[in-house]
Amino acid sequence: MRALELKVPPPVVVLTIALAMWVISLFTPSAEIGVLSRALAGATIALLGVGISFSGVAAFRRAETTVNPMKPRDASSLVTNGVFRFTRNPMYIGLLLVTIGWAVFLSAPWAFAGPLAFVAYITRFQITPEERVLASIFGEPYRNYMSSVRQWL
């Protein structure tokens with residue numbers, strides 16, 4: 001049986017989830033927190049996410065391998081240094097932090113379902129198939145990497 005694979009780029013998934021989070025926030029109660037506090041906290045978390053994502057992209061660029069999550073078969077080298085020493089998926093962690101920052105800004109408790117939905121979706125439709133491909137390309141070194149570094153954090 002062929003594994004399900006993501007057909008939508010991860011940033012589009014995040015934007016779709018962010019839109020759903022915003023709609024949820026319109027129709028559910030929100031915490032009474034000042035807009036400046038929410039904006040600062042949300043932006044700080046989101047910027048941390050952007051930084052983590054960019055550090056993963058930079059590591060891939062230095063290794064001269066693909067950064068395109070839609071084409072894992074194009075991977076030419078196994079990157080295990082830098083941020084990849086701590087997580088196998090820094091770019092997805094970065095996107096997760098962006099959705100968490102957005103939920104903080106929205107201050108609607110039900111909006112926090114968005115980051116959970118992102119993790120569930122991206123794990124099932126992107127990470128799992130991607131890791132199968134990388135294991136077929138890099139073999140035992142990748143399986144060793146998987147056993148020593150967490151998928152998320």
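Start with the whole chain on screen: of its contacts with a separation of 6 or more, 79% are between residues 24 or more positions apart. Keep in mind as you go that this is a predicted model.

**Stop 1: the whole chain**

Switch to a cartoon view and count along. You should find 5 helices and 0 strands, and reading along the sequence gives the pattern α-α-α-α-α. The C-alpha atoms fill a box of roughly 50 × 35 × 25 Å, taken along the principal axes. If you colour by burial, buried residues make up 39% of the 153 residues.

**Stop 2: the largest nonpolar core**

Now select M21, Y92, A111, F118, I122 and W152 and show their side chains. These belong to the largest nonpolar core, which has 17 residues, and they are the ones that touch the most other members. Which elements give two or more residues to this core? Colour α1 (10-27), α3 (90-106) and α4 (113-138), and you have them. Helix α3 gives the largest share, 7 residues. A bit of background for this stop: in soluble globular proteins, nonpolar side chains tend to be buried together.

Stay here and centre on W152. Leaving aside its neighbours within four places in sequence, what is W152 in contact with? Select F86, T87, Y92, I93, L96, F118, V119, I122, T123 and I127, and you'll have the set. Once you've had a look around W152, go for A75, L134, F138 and V149: they are among the 13 residues of another core, which lies apart from the one with W152.

**Stop 3: α2 beside α3**

Hide the side chains and select helix α2, residues 35-62, together with α3. Their axes come within 7 Å and cross at roughly 170°. An angle over 145 degrees counts as roughly antiparallel, so that is how α2 and α3 run relative to each other. Show the residues where α2 and α3 meet and colour them by class: 20 are nonpolar, 6 are polar and 1 is charged.

**Stop 4: E131**

Next, select E131, which you'll find in helix α4. Is E131 buried or exposed? The relative accessible area of E131 is 7%, and buried means under 20%, so E131 counts as buried. Add R88 to your selection: the side chains of E131 and R88 make a polar contact at 2.7 Å. Then widen the view to the rest of the surroundings. Not counting neighbours within four places in sequence, E131 is in contact with R88, N89, Y142, M146 and Q151.

**Stop 5: α4 meets α5**

Select helix α5, residues 140-148, and keep α4 visible. The two helices pack at an angle of about 135°, with their axes 6 Å apart. That angle makes α4 oblique to α5. To see the meeting place, show E131, L134, A135 and F138 on the α4 side, and E140, P141, Y142, R143 and M146 on the α5 side. By class, this contact has 6 nonpolar, no polar and 3 charged residues.

**Last stop: K7**

Finish by selecting K7, in the segment before α1. With a relative accessible area of 60%, K7 is exposed, whereas E131 back at Stop 4 is buried. Now add N144 and draw a line between the two C-alpha atoms. How far apart are K7 and N144 in space? That line spans 28 Å, while in sequence K7 and N144 are 137 residues apart.

Methods
Residues numbered from 1 in each chain as written. Predicted model: local features only at pLDDT ≥ 70, side-chain atom pairs only at ≥ 80, totals over all residues. Heavy atoms only, no water. Core = buried A, V, L, I, M, F, W, Y, C linked by side-chain atoms within 4.5 Å. Buried < 20%, exposed > 50% of the residue type's maximum accessible area, 1.4 Å probe, protein only. Helix = DSSP H or I, 4+ residues; strand = E, 2+ residues; numbered from the N terminus. Contact = heavy atoms within 4.5 Å. Axes fitted to C-alpha atoms, helices over the stretch in contact; angles between N-to-C directions. Parallel < 35°, antiparallel > 145°, perpendicular 65-115°, else oblique. Nonpolar A, V, L, I, M, F, W, Y, C, P; charged D, E, K, R; others polar. Polar contact = N/O pair within 3.5 Å; in protein donor to acceptor, adjacent residues only side chain to side chain.
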